[in-house]
Every structure is written in structure tokens, then in C-alpha cells.
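Q: I am new to this structure and should like to learn how its features are read. Could we go through them one at a time?

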Amino acid sequence: MDEKKRRIGLVVDYLTSEYSENLMDGVSAYCREHDINPFIFPIGELNNISTNDCNYQFVSAVAHIKKENVDGLIIVSSQQMHKTSREGFDAFLDNFKSIPMVNISAQLPGIPSVSVNYEQGFDSLIQYLIEYQHCRKFAFIGVSSNSTDVKKRTEIFNNVLSRNDIPLDSVVYWNTNFEYSGSYHTIENWYKKNGHFDFDAIVSLNDDMAFACIDFCQNQLKLKIPEDLIVTGFDDIRRSSISQPTLTSVNQRISEQAYIAAKTLCKMLDGESVPMLQTIEGKAIIRQSSQKYPLENFPDYLKTASIETHYQANDRFTVFEWYKKREQIFQAAYFYSELNYDTDIKNIGELLTRELKNYGFHSVAIVIYEKPIEMSGPFTSFELPDNAILIGGFDYQTGFNTNYPFLPQFFYPKKKLVPDGFLKYTPDGFIVSSLFHNHFQYGYLVIRRDNFDLGVYSLIFKAIGNQIAACFSYKNIVDEKSKITDKYQKMDIIVHTDYLTGLRNRRGFIEFGSSFMNLAQSISQRGLIIYCDMDGLKKINDNFGHESGDTAIKSMAVIIKKNFRENDIVAHLSGDEFAILSPTLSVEHFLTIKDKISADCKTWALEEKVPYTLSVSMGYAEYPSSETGYDLKALLAQADSSLYIEKQAKKNKK
């Protein structure tokens with residue numbers, strides 16, 4: 001790490017929110033002006049008890065926020081106090097008590113804070129709806145949260161209504177989250193239950209929630225905005241000024257807050273005294289979504305507001321930018337779907353390096369722990385292990401690239417993000433994100449913030465976390481198979497092997513296959529159970545003798561075995577019946593194998609010059625099955641039914 005340059009950290013919740021993007025833009029702007037290296041730590045939400053997506057695992061990135069990695073830290077309390085108490089948040093801050101800190105949002109005791117005074121702007125917006133847009137029937141899209149900002153905005157809304165003699169019990173309050181999809185479903189479910197939607201205005205606590213409301217009203221209720229219903233938001237994200245209609249909102253000047261926070265933090269690091277609270281003024285932005293009636297006279301309380309009666313954005317730039325980001329997200333989604341290597345940890349670093357380099361990144365380091373660390377529920381601190389391994393990555397400035405001869409580097413992660421000399425840190429900034437899958441932590445990724453949409457990084461982090469998890473699972477499968485093989489090797493030869501073909505017999509297939517399926521279920525692995533039946537074996541025995549029949553069986557065993565992988569379980573169940581358990585095999589790949597087996601049978605018959613035809617019918621069942629899950633015997637029965645259909649089809653062709 002370049003010790004000559006200052007390093008500051010910024011803690012955000014998720015990279016996919018425009019609020020976080022504006023924070024990063026503000027901090028980055030200051031860092032570029034003063035040649036400072038910023039580090040972005042996306043940590044999700046504290047005390048996120050929704051464990052279905054395991055997003056609480058993002059919090060482990062806090063382990064890298066220490067004096068060895070950053071000189072100072074910017075936190076955003078409004079993003080982290082939705083689901084945790086003040087005491088819980090204070091305990092979280094204890095992780096960084098030795099690091100100078102600046103807070104964005106409501107003032108915190110003992111920590112210099114940068115805040116926005118949006119009270120007047122939000123108050124004037126609600127007053128404007130009542131006084132000039134004649135709104136009396138309100139709905140309010142809020143959030144059940146411990147956040148001071150959420151409580152304050154709700155209180156302002158209620159106070160303005162009370163001041164204008166609008167009873168609060170006439171208001172419909174929806175509590176959802178700050179996300180589009182959750183808000184859309186909340187509104188939709190309320191409408192299905194109540195059967196009416198006769199509001200004058202809907203006030204939302206952020207713009208994504210407002211857009212969910214607009215889309216629901218326009219798409220499902222065919223309402224016109226603002227002619228039939230007024231909708232307002234909060235935050236003034238970029239889409240607000242280019243949507244149709246444009247969205248009335250409250251601008252919090254987020255990037256400016258972040259810029260001031262970075263400047264304040266650097267003054268602290270220089271030993272200068274700084275104010276404990278700096279406040280900038282927010283303002284209401286009146287746009288089309290609330291202009292049902294034209295505003296002819298501007299009251300005093302709207303003098304600080306911005307009135308936009310038409311489209312304000314630069315059309316060409318906005319459309320170009322939208323298409324660029326759309327293509328980036330498409331490519332990231334493709335990266336996510338295609339990243340599926342069936343390999344081990346020894347090789348995955350080089351493979352991931354190649355993929356990330358091809359994608360267009362300029363500087364990446366992939367770090368894993370020696371062993372996965374299980375974190376089965378929400379946490380606020382994370383203890384890094386003593387050893388980590390740099391398994392892959394590249395940097396165009398330092399020349400580091402694991403596509404060239406490279407030995408994985410073991411190092412002590414409690415002292416540094418990556419070993420010295422591998423990455424060149426720049427004012428563009430680096431994002432430090434956890435690599436996890438389900439309840440397990442596998443390592444972390446350090447990646448330079450290039451000119452990509454932030455949603456790209458989120459997809460990349462998820463894809464790499466999943467791939468590394470798959471590699472550890474693959475290793476576990478190989479290790480487990482080796483243990484089972486070693487333990488039962490002698491017994492397997494006697495009890496579980498078919499004497500004629502050398503393959504596993506029915507007992508071996510059921511016992512070993514059942515153990516394998518238990519392991520497959522524990523890691524949510526998919527694959528195929530295949531059932532095979534030789535065509536015409538009885539005729540071969542009757543017409544050419546049982547010795548010819550045995551030759552046909554042994555030859556069929558060789559052909560089937562060579563067309564499947566070493567880790568597939570191939571068995572000879574009885575005279576003309578074979579079965580295969582093939583983990584991760586897709587139906588499309590199976591059909592290719594099936595055609596190859598058919599061709600090999602014809603080739604064998606010609607080369608051996610036998611007076612009979614060698615062929616086999618094959619059926620399959622995918623696991624886990626929606627009906628029987630990972631039950632091997634039930635899956636064999638399903639595969640047998642599929643085989644019967646193919647047999648009938650062959651008879652019908654004759």
C-alpha cells in the first residue's frame with residue numbers, strides 16, 4: 001500500500017442505491033482534488049434479521065476498517081439505524097473507536113457530523129399540496145425504522161396535516177422498505193384487500209417508493225399523474241428529473257454532504273479543529289407529478305423551492321448514459337450466469353482473473369481464507385483469521401497478473417488488505433467487499449472503482465462468492481468420496497462390484513449413491529439419475545448364446561463408462577440394466593452423451609464384426625425432483641418411467 005498518500009474509508013449499505021452512489025461521488029470528488037486514496041466498504045444493514053438472502057454477511061467488511069488500512073472514516077448513520085437500536089449502533093462504532101470519524105446525517109455525540117436541514121423544504125412541500133393542490137385525502141409510504149430521519153420526516157408530515165385541520169386518522173399509512181419492489185407489493189396488496197384508491201396525494205419517504213406508487217397506479221389502475229393522483233418522493237435521485245411525469249421530491253444535496261465530510265475528516269487528520277455539526281440546506285423540487293393545478297403566485301415558504309414545469313435533463317447525455325449502464329448490467333448478468341467452473345481452489349484464482357480482466361476491470365485482488373467461516377446470523381463485528389491467501393487478480397500499473405506464473409501468496413490479513421506491491425491504489429478508489437455464500441464467509445475482493453454502474457460490482461461480488469463456495473463444495477465432495485473409497489475399498493471390491501463388468505452392482509449403486517445424494521442435498525447440488533436398458537439382449541442370448549450376451553453386456557459397460565466422467569457413479573444393476581448418477585450434468589449435455597453412446601455402439605458392432613446390433617435405451621430424472629427431492633430409489637423409478645417412454649417410441653418406429 002502506498003504509505004505516502006492519505007487513505008480514507010467510506011461505509012455505505014449497498015452499492016445498488018443511488019443514495020450510496022451520490023455519497024461515493026462526493027467523497028471521490030474531494031479525493032481526486034487532493035490526491036487521496038478512498039476505500040468503499042459496503043456492509044449492508046446492521047441487524048438485518050432477514051436471513052433468506054444472507055445479506056447480513058456484508059457486515060464482515062468492517063473487519064478491514066482499521067488504522068493499518070485507513071487513516072480516517074466516514075460513516076452514514078441514516079443508512080444503518082433502520083433495524084438497530086442506538087445502543088446497537090454505538091456498539092458497532094466501537095469497532096473503529098481508534099480511527100478519526102465523521103458522520104453524515106443526524107448529529108452523533110462526540111463525532112463531527114454533516115447534516116442537511118430538509119425540515120423547511122419538506123414542510124413547505126406538504127403545505128403546498130394542501131394549499132395549492134387542494135389535497136385532503138392522503139396516503140403516506142413510510143418505513144418501520146429506528147432511524148432519526150425517518151421519524152423526523154413522519155413527524156413533519158403529521159404536523160403539517162394537523163396544522164391544516166386534516167385528521168391523522170383519515171390518512172392511510174403504509175410501512176414497507178425503501179425499495180421499489182417491496183413498496184409496489186405493499187400498495188398492490190392494500191388495494192386488493194380494500195378495493196379502492198381514492199386519494200388526492202401519496203407522499204413517499206424516498207423516490208424509489210414514489211416510483212413504485214406511480215407505476216402501480218398507471219399500470220394497474222390506469223390513473224393519470226397528476227390529473228387523478230399526486231405523488232411525491234424524497235431524495236431527488238437522477239431519475240426524478242427525467243421520468244414521465246417528472247417527480248416532485250426533496251433534494252438533500254447528498255454529494256455535497258459527502259464532499260464536506262471528506263474535507264472535514266482531512267482537516268481532523270491535519271490536527272485542525274472542526275465544528276461538531278455542519279448543516280446545509282435542502283429544498284423542495286416541485287415537478288410535474290404534483291402540478292395538477294398551475295402555481296401562479298409563489299408564497300414565501302416556496303421561495304427556496306425549485307419549480308420545474310418541464311423536462312430539465314440533457315436528453316442526449318441521459319439516453320446515452322442509460323444505454324451504457326444497461327449494457328454493463330447485461331454483461332454483468334451474463335458474467336453471473338456463465339461463471340460455473342467445476343474445479344478446485346487451486347485453479348479458480350487464475351480462471352477468475354481471466355474472466356475479470358476480460359470484463360474490463362483494471363485492478364483486482366481475490367483473497368480467500370484457508371477455511372470457510374460460518375456466520376449463521378446477523379453480527380456487528382467480524383474477526384479476520386490469522387491467514388489469508390491471495391489466489392488471483394491483476395493490476396495494470398504494478399504488472400501483477402496471475403495469468404502468468406504465480407504462486408498463491410499467504411499473508412496476515414489483520415495487518416493489510418493484500419500483500420505489499422500487488423495493487424496500486426489511486427484516487428479513483430477501491431471497493432472492499434465480502435465474498436460469501438449462504439451462511440459462510442470465504443474471503444473478500446478488493447477492486448478498483450472503474451467506470452461501471454455500481455450494480456455491476458454487486459453482481460460480480462455475488463458471482464465470485466458463489467463460485468468460490470462451489471469450489472470449496474467441490475473439494476469437500478472429492479475429499480468425501482476419497483474417504484469413502486479408502487474406508488470401503490476392500491469391501492467394495494467384494495460386495496459392491498459387479499463381477500462381469502467391473503462396475504458397481506445394484507447394492508453398490510444404492511448404498512454409495514444414497515450417501516452421495518445426502519451430500520448433494522447439503523450443498524443444494526443438481527444433477528441427473530440415468531436409467532439404461534440394453535435393446536434386444538434376450539435375442540442375443542437366444543440366438544447366439546449366453547457367452548455372446550455376456551460379451552455384449554461387458555462391451556456396453558465399457559462404452560457407457562467411457563462416455564461419463566470419473567466422478568460419475570456408473571453401475572450394472574442386472575442383466576440388461578445400467579444406472580448412472582451424474583452430479584451437475586445438464587439435460588442438454590446428457591442428450592449429447594446419449595447420441596455419442598449410440599454412435600459408439602454402431603462402431604463397436606462394425607469393428608467386432610458381430611452378427612447382432614448393440615444398442616441401449618436411456619431415461620433420466622433430474623434431482624432434486626419437485627416430487628421426491630434427493631430420494632435415490634424414487635428418482636430411479638422416475639428415470640425408469642422415462643426409459644419406458646423411449647422404449648415405446650422405438651417400438652412404434654419399427
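**Reading the model, beginning with one strand**

A: Certainly. This is a predicted model. Let us start with strand β21, where Glu-577, Ala-579, Leu-581 and Pro-583 point one way and Phe-578, Ile-580 and Ser-582 point the other way, all of them being buried.

Q: How many of the residues of β21 are buried?

A: Strand β21 covers residues 577–583, and seven of its seven residues are buried, which leaves the strand mostly covered.

Q: In what sense do β19 and β20 pair with β21?

A: Strand β19, residues 527–534, pairs with β21 in the antiparallel sense over seven bridges. In this pairing Asp-533 stands opposite Glu-577 of β21. Strand β20, residues 569–574, also pairs with β21 in the antiparallel sense, over five bridges. There the bridge partner of Ile-569 is Leu-581 in β21. The connection from β20 to β21 is a hairpin through two residues.

Q: Let us step back to the whole protein. What does its secondary structure come to?

A: The protein has 17 helices and 22 strands. Along its principal axes the C-alpha trace spans about 105 × 60 × 45 Å. Of the 654 residues, 54% are buried. As for contacts between residues at least 6 apart in sequence, 73% join residues that are at least 24 apart.

Q: How is a sheet described, and what is the order of the strands in the sheet of 11 strands?

A: A description of a sheet may give the strand order, the pairing, the edges and the twist. Here the order is β11-β5-β4-β3-β1-β2-β17-β18-β14-β15-β16, in an open sheet with mixed pairing. Its edge strands are β11 and β16 (409–411), each of which pairs on one side only. From one strand to the next, the twist averages 25°. One pairing within the order is that of β3 with β4: these strands run parallel and are joined by four bridges. Leu-73 stands opposite Met-101 in β4.

Q: Which strands does helix α8 lie across?

A: Helix α8 lies across β1, β3, β4, β5 and β11, and runs at about 165° to β4. This helix comprises residues 254–269, which is 16 residues. From its first C-alpha to its last it reaches 23 Å, close to the 22 Å expected at 1.5 Å a residue.

Q: Which residues of α8 are buried, and what covers them?

A: The buried residues in α8 are Ile-254, Gln-257, Ala-258, Ala-261, Ala-262, Thr-264, Leu-265 and Cys-266. Their cover includes helix α1 (18–34) as well as the strands β1 (7–12), β3 (72–76), β4 (101–104), β5 (113–117) and β11 (277–281). Just after α8, Gly-271 takes a positive phi of about 85°.

Q: Where does helix α10 lie?

A: Helix α10, residues 345–359, lies across β14 (363–374) and β15 (388–395) and runs at about 25° to β15.

Q: What is the strand order in the sheet of four strands, and why is one side of each edge strand left without a neighbour?

A: The order is β7-β6-β8-β9, in an open sheet with parallel pairing. The edges are β7 (172–176) and β9 (230–232); each has a single partner strand, so one side of each lacks a neighbour in the sheet. Direction ignored, neighbouring strands of this sheet are turned by 15° against each other on average. Strand β8, residues 201–204, runs parallel to β9 and is joined to β9 by three bridges. Ile-202 has Val-231 in β9 as its bridge partner.

Q: Which strands do helices α5 and α6 lie across?

A: Helix α5, residues 148–163, lies across β6 (138–143), β7 and β8, running at about 165° to β6. Helix α6, residues 180–194, lies across β6 and β7, running at about 140° to β7.

Q: How are two packed helices described?

A: The description uses the angle between their axes and the distance between the axes. In this structure, helix α13 (residues 506–522) and helix α17 (residues 632–653) pack at about 110°, and their axes are 10 Å apart. That angle makes α13 roughly perpendicular to α17.

Q: Which residues meet where α13 packs against α17?

A: From α13 come Phe-509, Ile-510, Gly-513, Ser-514 and Met-517, which meet Leu-632, Lys-633, Leu-635 and Leu-636 of α17. The residues of this contact divide into six nonpolar, two polar and one charged.

Definitions and conventions:
Residues are numbered from 1 along each chain as its sequence is written. This is a predicted model: local features need pLDDT of at least 70, side-chain atom pairs count only at pLDDT 80 or more; totals for chains, interfaces and linings use all residues. Side-chain values use heavy atoms; hydrogens and water are left out. Axes are lines fitted to C-alpha atoms, for helices over the stretch in contact, and angles run from 0 to 180 degrees between N-to-C directions. Angles under 35 degrees count as roughly parallel, over 145 as roughly antiparallel, 65 to 115 as roughly perpendicular and the rest as oblique. Contact means heavy atoms within 4.5 Å. Ala, Val, Leu, Ile, Met, Phe, Trp, Tyr, Cys and Pro count as nonpolar, Asp, Glu, Lys and Arg as charged, and the others, Gly among them, as polar. The expected span of a helix is 1.5 Å times one less than its number of residues. Buried means under 20% relative accessible area, exposed over 50%, partly exposed in between (1.4 Å probe, protein chains only). Two strands pair if DSSP finds at least two bridges between them.
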